[in-house]
Amino acid sequence: MLVVASANGSVGIDAAWDVIAAGGSALDAVEKGTRLVEDNPDDHTVGYGGYPNLDGVVELDASIMDGSTREAGAVGALRGYRAAITVARAVLERLPHVLVVGDGAARLAGEIGLEPEDLLTEAADEVYRAGLAGTLPEHSLGARMLALVASLTSDPERAAGTVNFLAIDGQGHLASAVSTSGWAWKFPGRLGDSPVIGAGNYCDDRYGAAACTGFGELAIRASTARTVIAGLAAGKSVVDSATSAVHELYDMGMPPERVVMHLVAIDRDGAHAGVSTRADTSYVYRADGMSAHDQLPRVVVEPPAASS
């Protein structure tokens, strides 16, 4: 049995472990761990207290995947409900769909009994207002507003943040979950890789699971999470598969300093790894024989050397 999460998943990983240690499913475990991060107001990248979009509204994206069936559920641009991962699971289990967004996602949240609330906290609102200070008196669809979006969302401290959970239960089944509030000051309705199966999240009992945090648009363009699993299917190690997936991002024509990506991955046998384009990043894990979770550094994937 195993649970792996991005570093901010530390607040939920031991609870996720308790689920599978008690005989529960990997799917239940990743949902449980993610919910605790979504409830954490100090984490401004996920759930309640997440940074808002350009209009000052918190919009959440999430996805969850069952490796035993490769069934998945996802929500995007969810407003007014913090438990995006639970709504994503409802898409998986209650609807004949994979992805539900906007008003439909909020309607589903209400229909499964979740309570609506304002997700914008005072701390997140202060960051939002500071970012807009001295820019535009009101939002319009003019060139200045679009330039503002491009400028604000290029801030790596506000643009990249998500929680990832991967698990293997006592039956050997895998599951994965991803939840985020996305980029601060994003254009309303923007979806990143988190709700896109194959981009920010992929899980397959036959090979392994992977999830992403970072520049979501790149992960969408490169199908990054699915690329990791394809590497595992081809016989690569977890580290090599994840590293190769990040190398593909460096080949997409962006300046290397703008390629921001962090991955966690596991294989079906319980080998695990974290990789990143940034130094001093880490991930957390808990496995059989451990009384609590531990933290490990991610492998840093450097950009290719410039040709002379």
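**Reading strands, helices and salt bridges in a predicted model**

Mentor: Let us start at a turn: in the hairpin of strand 2 and strand 3, which has four residues between the strands, Arg 70 takes a positive phi near 60°. Please keep in mind throughout that this is a predicted model.

Trainee: How should I read the pairing of the two strands, and in which sense do strand 2 and strand 3 run?

Mentor: Two strands count as paired if at least two bridges are found between them. Here six bridges join strand 2 to strand 3, and the two run antiparallel; within that pairing, Ala 62 has Val 75 of strand 3 as its bridge partner. Strand 2 also pairs with strand 6 (residues 174–180), again in the antiparallel sense and over six bridges, and there Ala 62 stands opposite Ser 179.

Trainee: Is strand 2 buried or exposed?

Mentor: A residue is called buried when its relative accessible area is under 20%. Seven of the seven residues of strand 2 meet that description, so the strand is largely enclosed by the rest of the structure. Both of its faces are covered, with Leu 60, Ala 62, Ile 64 and Asp 66 buried on one side and Asp 61, Ser 63 and Met 65 buried on the other.

Trainee: In what order do the strands form the open sheet, and which are the edge strands?

Mentor: Eight strands form the open sheet, in the order 4-3-2-6-5-1-11-12, and the pairing is mixed. The edge strands are strand 4 (99–101) and strand 12 (294–297), each of which pairs on one side only. From one strand to the next the twist averages 15°. Strand 3 and strand 4 pair in the parallel sense over three bridges, and Ala 74 stands opposite Leu 99 in strand 4. Helix 1 (residues 13–21) packs on the sheet, where it touches strand 1 (2–6), strand 5 (163–168) and strand 11 (282–287), and its direction makes about 160° with that of strand 1.

Trainee: Which residues is Val 3 in contact with, leaving aside its neighbours within four places in sequence?

Mentor: Val 3 has its place in strand 1, and it is buried, with a relative accessible area of 0%. Leaving those neighbours aside, its contacts include Ile 13, Ala 16, Trp 17 and Ile 20, as well as Phe 165, Leu 166 and Val 284. The C-alpha atoms of Val 3 and Ile 168 are separated by 6.6 Å, although the two residues are 165 residues apart along the chain.

Trainee: At what angle do helix 3 and helix 4 pack?

Mentor: For a pair of helices one reads the angle between their directions, and 65 to 115 degrees counts as roughly perpendicular. Helix 3 (residues 84–94) and helix 4 (residues 102–111) pack at an angle of about 90°, with their axes 10 Å apart, and that makes helix 3 roughly perpendicular to helix 4. The contact is made by Val 87, Ala 90 and Val 91 of helix 3 together with Ala 105, Leu 108 and Ala 109 of helix 4; these residues divide into six nonpolar, no polar and no charged.

Trainee: How many salt bridges does a search of the whole structure find?

Mentor: The search finds twelve. In one of them, Glu 59 pairs with Arg 79, and the closest N and O atoms are 2.9 Å apart. That pair links distant parts of the chain, with Glu 59 in the loop between helix 2 (26–38) and strand 2 (60–66) and Arg 79 in the loop between strand 3 (71–78) and helix 3, 20 residues apart. Glu 59 counts as buried at 2% relative accessibility, whereas Arg 79 is partly exposed at 39%.

Trainee: Where do Glu 111 and Arg 107 lie?

Mentor: Both lie in helix 4, four residues apart, which is about one turn of the helix. They form a salt bridge with the closest N and O atoms 3.0 Å apart, and both residues are exposed. A salt bridge can also belong to a wider arrangement, and here Asp 28, Glu 31, Arg 89 and Glu 93 are linked in a network of salt bridges.

Methods. Residues are numbered from 1 along each chain as its sequence is written. This is a predicted model: local features need pLDDT of at least 70, side-chain atom pairs count only at pLDDT 80 or more; totals for chains, interfaces and linings use all residues. Side-chain values use heavy atoms; hydrogens and water are left out. Axes are lines fitted to C-alpha atoms, for helices over the stretch in contact, and angles run from 0 to 180 degrees between N-to-C directions. Angles under 35 degrees count as roughly parallel, over 145 as roughly antiparallel, 65 to 115 as roughly perpendicular and the rest as oblique. Contact means heavy atoms within 4.5 Å. Ala, Val, Leu, Ile, Met, Phe, Trp, Tyr, Cys and Pro count as nonpolar, Asp, Glu, Lys and Arg as charged, and the others, Gly among them, as polar. A salt bridge is a side-chain nitrogen of Lys or Arg within 4 Å of a carboxyl oxygen of Asp or Glu. Buried means under 20% relative accessible area, exposed over 50%, partly exposed in between (1.4 Å probe, protein chains only).
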